[in-house]
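Take a look at the protein below. This report goes through its helix packing, its cores, its salt bridges and a few single residues.

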Amino acid sequence: MENLISSSVLTTLSDWDIVTSTLDTKFEDSVVGLSDYKTILRGDNGDLLNVCKNSYTPQTNAQFIDAVERFASVTNFPVEAIYEVDGGKKMLGYLRCTETFEVGGFEFKDYLMLGNSHDGSTGFFVGNSNIMVRCNNRFAQQFRMLKVRHCSSLHNGVNQILSGFESYKRELSGYYKTLDEFSKVEVSDEIKQSLIARLANLSNEEILGDKEVSKRKRNIMTSIDESLSSEMEDIGFNLYGLFGGVTHYTTHVLKGADESGMFGSAKILNLEGYNYCKSVARQVLSC
């Protein structure tokens, strides 16, 4: 997938699948089976992916690949990639949206994203990942109504999501409408500094100056400030540019970030920035 993920993380999940095994514990010289629990392992090398209750129903790699292919058939979006994350504990599938989007004169590539996990961190979900063509900044999100827990009815839940594809299109349309609203709201330095404090996780004492900010946090704030300022200079001194600065930081600066932007610190910071901008836009546009 051009400009989306590096070749080093591209895999074919069809090369391996999961296996389950009983969970035993050793007490003194006796081995005792834990009847309520099981382990989920990689079938190719035996790496441990999860320890879970027997009631937990995982989605196999084969089932995930089938779900991605069925989504491609229903949506007519071509499959761009299917790959594993974190040693196979998570997996993602990307379908390229055939409709182009543009906000404020900037073009976006958009991908329908499907995800699953073997470590229990998430069930099967549908979301989207968009990339601003100008700079490859990424923002990914799961759609609240398009998730299925790992349980015995998992397959039926996936089928329900497939039949509700219109929900995905509504969610996506709402997201781009929100970005357009962002472009109409100018940003003061106070708003910018407030966001930097949130993203750097400053305490109230640190914000008020009653407690010294650590060198580590000051360095983080400087890096965030540089990303925000750079993107606002190019995109505009508005919430659209401010949010672009957040995605620039998580895409190009944040160390150790997952490249998809769907997991970990990149996801948390992107959502924090997005929700902050939504809150400011709601206050300003309602006046």
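How close do the axes of helix H7 and helix H8 come, and at what angle do they cross? In this predicted model, the axes of H7 (residues 239-253) and H8 (residues 264-285) come within 9 Å and cross at roughly 175°. H7 is therefore roughly antiparallel to H8, a label for angles over 145 degrees. Axes here are lines fitted to C-alpha atoms, for helices over the stretch in contact, and angles run from 0 to 180 degrees between N-to-C directions. Helices (H or I, at least four residues) and strands (E, at least two) are DSSP runs, numbered from the N terminus.

Residues are numbered from 1 along each chain as its sequence is written. Because the model is predicted, local features need pLDDT of at least 70 and side-chain atom pairs count only at pLDDT 80 or more, while totals for chains, interfaces and linings use all residues; side-chain values use heavy atoms, with hydrogens and water left out.

**The helix pair**

Which residues meet between H7 and H8? On the H7 side they are Leu239, Leu242, Phe243, Val246, Thr247, Tyr249 and Thr250. On the H8 side they are Ala266, Leu269, Asn270, Gly273, Tyr274, Tyr276, Cys277, Val280 and Ala281. Contact means heavy atoms within 4.5 Å. By class, the contact of H7 with H8 has 12 nonpolar, 4 polar and no charged residues. Ala, Val, Leu, Ile, Met, Phe, Trp, Tyr, Cys and Pro count as nonpolar, Asp, Glu, Lys and Arg as charged, and the others, Gly among them, as polar.

**The overall picture**

The protein has 8 helices and 9 strands. Of its 287 residues, 48% are buried. Buried means under 20% relative accessible area, exposed over 50%, and partly exposed in between (1.4 Å probe, protein chains only). Among contacts between residues at least 6 apart in sequence, 59% join residues at least 24 apart.

**The cores**

The largest nonpolar core has 61 residues. Leu112 and Leu242 have the most contacts inside it. A nonpolar core is a set of buried Ala, Val, Leu, Ile, Met, Phe, Trp, Tyr and Cys residues joined through side-chain atoms within 4.5 Å. Leu112 touches residues including Phe71, Phe77, Leu95, Val126, Phe165 and Tyr168, not counting residues up to four places away in sequence. Apart from this core lies another, of 11 residues, among them Tyr83, Val85, Tyr94 and Phe125.

**Helix H4**

H4 spans residues 189-199, and its buried residues are Ile191, Lys192, Leu195, Ile196, Ala197 and Leu199. What covers them includes helix H5 (204-208), helix H6 (215-235), H7 and H8. Asn201 lies in the loop between H4 and H5. Its phi is near 60°, a positive value in a residue other than glycine. At 59% relative accessibility, Asn201 counts as exposed.

**Salt bridges**

How many salt bridges does a search of the whole structure find? It finds 12. A salt bridge is a side-chain nitrogen of Lys or Arg within 4 Å of a carboxyl oxygen of Asp or Glu. Three of them are listed here.

| Acid | Base | N to O distance |
|---|---|---|
| Glu84 | Arg42 | 3.0 Å |
| Glu231 | Arg134 | 3.1 Å |
| Asp225 | Lys192 | 2.8 Å |

Glu84 lies in strand E4 (residues 79-85) and Arg42 in strand E2 (residues 30-42), so the pair ties together parts that are 42 residues apart in sequence. Glu84 and Arg42 are buried.

Glu231 in helix H6 pairs with Arg134 in the loop between strand E8 (124-132) and strand E9 (137-148), 97 residues apart. Glu231 is buried at 2% relative accessibility. Arg134 is partly exposed at 33%.

Asp225 in H6 and Lys192 in H4 are 33 residues apart. Asp225 is partly exposed, at 24%, while Lys192 is buried, at 12%. Salt bridges that share partners also join Arg42, Asp44 and Glu84 into one network.

**Two more residues**

Is Gly115 buried or exposed? Gly115 has 0% relative accessibility, so it counts as buried. Gly115 is found in strand E7 (residues 106-117). It touches Phe64, Met91, Leu92, Gly123, Phe124 and Phe125, again not counting residues up to four places away in sequence.

Asp86 lies in the loop between E4 and strand E5 (90-96). It has a positive phi of about 55° although it is not a glycine. Asp86 is partly exposed, at 46% relative accessibility.

Terms used: Angles under 35 degrees count as roughly parallel, over 145 as roughly antiparallel, 65 to 115 as roughly perpendicular and the rest as oblique.
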